[in-house]
Amino acid sequence: MSGRLAGKVAFITGAARGQGRAHAVRMAEEGADIIAVDIAGKLPSCVPYPPATEEDLAETVRLVEATNRRILTSVVDTRDFDGLRGAVDDGVAALGRLDIIVANAGIAAPQAWDQITPEAFRDVMDVNVQGTWNTVMAGADKIIEGGRGGSIILISSAAGLAGIGSSDAGSIGYAAAKHGLVGLMRVYANHLAQHSIRVNSVHPAGVAPSRPVRCEARLRYHAPAIPGEYRAGRLVLDEPFLGAAPGQAAVLYSGSRVLGGGIIASAT
Ligand SMILES: NC(=O)c1ccc[n+]([C@@H]2O[C@H](COP(=O)([O-])OP(=O)(O)OC[C@H]3O[C@@H](n4cnc5c(N)ncnc54)[C@H](O)[C@@H]3O)[C@@H](O)[C@H]2O)c1
């Protein structure tokens with residue numbers, strides 16, 4: 001590894017499993033210490049796949065520590081702004097600084113466009129939009145205070161670029177929420193540029209979870225509905241795109257341009 005993140009600290013939500021865990025481990029491999037949060041438990045009732053557990057979060061700790069980096073974890077729901085704020089405060093007190101935020105936690109509630117209930121729509125918006133806003137607002141001032149610039153990465157979806165929501169994918173609420181992250185990204189990018197903080201949204205298509213057995217149900221929902229234009233390579237990556245696969249099924253949206261090709265943002 002090249003040590004591109006040596007000395008830096010990253011705050012990552014949804015880090016118990018899947019892509020969030022991959023972000024934590026990959027960034028640790030590049031030298032970053034990690035502040036990790038996850039709900040590690042019950043998800044809204046509209047979510048049909050099994051939730052992550054505290055054991056999953058403990059496994060993320062084990063994998064990060066195996067890289068000889070430090071990690072602080074908290075069980076926090078990203079809908080709880082004060083909880084996130086506490087996790088960031090504790091993390092910065094222990095690790096000394098904050099450079100990177102990865103707002104990764106998200107849920108999908110696969111339902112036909114005319115079947116979704118008001119409660120399910122609201123739950124998806126709460127976790128995926130409000131939770132992302134909470135995540136950025138819980139940490140952005142810490143990056144600014146550091147005066148060294150940094151990077152904020154919002155994990156959206158291919159459904160944040162096109163009208164993909166369906167009973168097989170994430171639903172209309174999921175697509176609306178993931179489009180909403182593009183709006184957050186654009187506004188934050190404009191406001192935080194003066195502090196040398198880069199803001200990007202990442203738009204994966206289908207990404208196989210790190211524990212395919214436990215998340216088989218979710219994969220079944222995600223995989224069939226991705227439109228052809230987003231299937232630049234394989235439909236479903238064998239592993240989260242921060243790993244070895246160079247991200248054929250992800251695109252990076254930066255400012256007003258889709259850069260394409262599964263690029264992962266690195267911190268300044
Ligand atoms: N897997 C895919 O094919 C795919 C495609 C496009 C986008 N995405 C997005 O990538 C991100 C990660 O997805 P994944 O595939 O790793 O999913 P995952 O379900 O394996 O992991 C998501 C993690 O977020 C946590 N989480 C959920 N709600 C939370 C909340 N309110 N507060 C705190 N933690 C919470 C979960 O406990 C879990 O550990 C999500 O935002 C998802 O929408 C996934």
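Two residues are in contact if their C-beta atoms, placed from the backbone, lie within 7 Å. Among contacts in this chain between residues at least 6 apart in sequence, 69% join residues at least 24 apart. You are looking at a predicted model, in which local features need pLDDT of at least 70, side-chain atom pairs count only at pLDDT 80 or more, and totals for chains, interfaces and linings use all residues. Residues are numbered from 1 along each chain as its sequence is written.

**The whole chain**

Start with a cartoon view. The chain has 6 helices and 10 strands; these are DSSP runs numbered from the N terminus, with helices being H or I of at least four residues and strands E of at least two. Now colour by burial. A residue is buried if 20 or more other C-beta atoms lie within 10 Å of its own, exposed if 12 or fewer, and partly exposed in between, with C-beta atoms placed from the backbone. By that count, 51% of the 268 residues are buried.

**Strand 4 and its neighbours**

Select residues 100–103, which form strand 4. Ile100 and Val102 point one way, Ile101 and Ala103 the other, and all are buried. Next, add residues 9–13: this is strand 1, paired with strand 4 in the parallel sense over 3 bridges. Two strands pair if DSSP finds at least two bridges between them. To see one of the matches, pick Ile12, whose bridge partner in strand 4 is Val102.

Now add residues 150–155, strand 5, which runs parallel to strand 4 and is joined to it by 4 bridges. Here Ile101 stands opposite Ile152. Bring in residues 118–146 as well: this is helix 4, and together with strands 4 and 5 it makes a right-handed β-α-β unit. To check the hand, point the strands away from you; the crossover is right-handed if the path from the first strand over the helix to the second runs clockwise.

**On to strand 6**

Select residues 197–204. Strand 6 runs parallel to strand 5, and 6 bridges join them; Ile153 has Asn200 as its bridge partner in strand 6. Ile197, Val199, Ser201 and His203 point one way from strand 6, and Arg198, Asn200, Val202 and Pro204 the other way. Because 8 of the 8 residues of strand 6 are buried, the strand is largely enclosed by the rest of the structure.

**Into the core**

In soluble globular proteins, nonpolar side chains tend to be buried together. A nonpolar core here is a set of buried Ala, Val, Leu, Ile, Met, Phe, Trp, Tyr and Cys residues joined through C-beta atoms within 7 Å. The largest such core has 50 residues, and those with the most contacts inside it are Ala10, Ala24, Ile34, Ile35 and Ile152. A second, separate core of 18 residues includes Ala105, Ile116, Ala158 and Ala159.

Which residues does Ile152 touch, not counting those up to four places away in sequence? They are Ile101, Val136, Ala140, Tyr188, Ile197 and Val199.

**Around the ligand**

Show the ligand and the 31 residues around it; Gly14, Gly18, Ala52, Gly106 and Ser157 come nearest. A residue is near if its C-beta atom, placed from the backbone, lies within 6 Å. The shell divides into 15 nonpolar, 12 polar and 4 charged residues. For that split, Ala, Val, Leu, Ile, Met, Phe, Trp, Tyr, Cys and Pro count as nonpolar, Asp, Glu, Lys and Arg as charged, and the others, Gly among them, as polar. Helix 1 (18–29), helix 4 and strand 7 (206–207) each supply at least two shell residues, with helix 1 giving the most, 3 residues.

**Stops in the loops**

Select Arg17, in the loop between strand 1 and helix 1. Arg17 counts as buried because it has 24 C-beta neighbours inside 10 Å. Arg17 and Thr60 are 43 residues apart in sequence, yet 7.1 Å apart in space, C-alpha to C-alpha.

Then go to Arg79, in the loop between strand 3 and helix 3 (81–95). Arg79 is partly exposed, with 16 other C-beta atoms within 10 Å. Leaving out residues up to four places away in sequence, Arg79 touches Asp126, Val127, Gln130, Gly131 and Asn134.

Finish with two backbone angles. Most residues other than glycine have a negative phi. Ala40 has a positive phi, near 40°, and sits in the loop between strand 2 (33–38) and helix 2 (54–65). Asn68 also has a positive phi, about 70°, in the loop between helix 2 and strand 3 (71–75). Buried or exposed: what is each one? Ala40 is buried, with 23 other C-beta atoms within 10 Å, whereas Asn68 is exposed, with 9.
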